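Morning, everyone. Have the structure open in front of you, and I'll walk you through the parts I'd like you to know.

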Amino acid sequence: MTEEHVQQEETDQVAEEQQPEQEVDDRLLRLAADFENYKKRAARERQEYVQLANERLIAELIPILDDLERALAAAEEHQEAQLEEGVRLVHRSLAGLLERHGIRPIETEGKFDPHVHEALLSQPSEAEEGSVIDVVQKGYKLGERVVRPARVVIAAPPPAREEPEGSA
């Protein structure tokens, strides 16, 4: 065997050893590109779902806006009875829409719950200490998630009565 022939065999061996590595690298690059494409497609689909959900909600809100505009028109004509009726209609429509979409008001009866209530202040009261005595702003849940906590006033212990001086 000539030296040139030996050198050719060594070059062929090196090429054969590198070929499997190159195939693995190519497969990994293709896999990475496929994964990037999947991520982009999934993000695009999520965005489309959100937009579709928003469109449906907006389509249901538009009639309520129409009712509110009619109530405002009645207010301009000083028709108080129609104004009150119109506002009640808008309130019922909006509350019904929110309920259909799974939004429920948060219960405010009983004890203060920091998971669903936000205490604005505490007032001395005859009610049980730590119980909700007033609701400043209603809170709402979507399923089990709190969308907005109820803002409440909670009962503090009644003030201690001081004994008049000289009585002992």
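So, strands E3 and E6 are joined by four bridges, and the two run antiparallel. One pair to find there is Gln137 and its bridge partner in E6, Arg151. Before I go on, please keep in mind that this is a predicted model.

Now, what is on the other side of E6? Strand E2 is joined to E6, residues 150-156, by seven bridges, and here the strands run parallel. Arg151 turns up again, because Glu118 also has Arg151 in E6 as its bridge partner. A bit further along, Ala119 stands opposite Val152 in E6.

Put those together and you get an open sheet of three strands, ordered E2-E6-E3, with mixed pairing. The edges are E2, at 117-124, and E3, at 132-137, each pairing on one side only. On average, neighbouring strands in this sheet are turned by 30 degrees against each other, if you ignore direction. A quick reminder for anyone new to sheets: strands pair through backbone hydrogen bonds, and that can be parallel or antiparallel.

How much of E6 is buried? Six of its seven residues are, so E6 is largely enclosed by the rest of the structure.

Next, the other sheet. This one is also open and has three strands, in the order E1-E4-E5, but the pairing here is antiparallel. Its edge strands are E1, 103-105, and E5, 145-148, and each of them pairs on one side only. Neighbouring strands here are turned by 35 degrees on average, direction ignored.

Look at E4, residues 140-142, which pairs with E5 over three bridges in the antiparallel sense. Lys141 sits in E4, and across from Lys141 you'll find Val146 of E5. Is Lys141 buried or exposed? The relative accessible area of Lys141 is 17%, and the cut-off for buried is under 20%, so Lys141 counts as buried. And what is Lys141 in contact with, once you leave aside neighbours within four places in sequence? The contacts are Gly102, Ile103, Arg104, Ile106, Val116, Val146 and Val147.

Gly102 is worth a second look, too: just after helix H2, Gly102 takes a positive phi of about 85 degrees.

That brings us to H2 itself, residues 80-100. At 1.5 Å a residue, its 21 residues should span 30 Å, and the end C-alpha atoms of H2 are 30 Å apart, which agrees. Which residues of H2 are buried? They are Gly86, Val90 and Leu97. These three cover an arc of only 35 degrees around the axis, so they lie on the same side of H2. If you want the background, an α-helix has 3.6 residues a turn, so residues three or four places apart point the same way. Swing round to the other side of H2 and you meet exposed residues: Glu80, Ala81, Glu85, His91, Arg92 and Glu99.

Let me zoom out to finish. The protein has two helices and six strands, and from the N terminus the order is α-α-β-β-β-β-β-β. Of the 168 residues in the protein, 14% are buried. The accessible surface comes to about 14100 Å², and 53% of that belongs to carbon and sulfur atoms. Lastly, take the contacts between residues at least 6 apart in sequence: 57% of them join residues at least 24 apart.

How values were computed
Residues are numbered from 1 along each chain as its sequence is written. This is a predicted model: local features need pLDDT of at least 70, side-chain atom pairs count only at pLDDT 80 or more; totals for chains, interfaces and linings use all residues. Side-chain values use heavy atoms; hydrogens and water are left out. Axes are lines fitted to C-alpha atoms, for helices over the stretch in contact, and angles run from 0 to 180 degrees between N-to-C directions. Buried means under 20% relative accessible area, exposed over 50%, partly exposed in between (1.4 Å probe, protein chains only). Contact means heavy atoms within 4.5 Å. Accessible areas come from the Shrake-Rupley method with a 1.4 Å probe; for residues, only the protein chains shown count as cover. The expected span of a helix is 1.5 Å times one less than its number of residues. The arc is that of the directions from the helix axis to the C-beta atoms.
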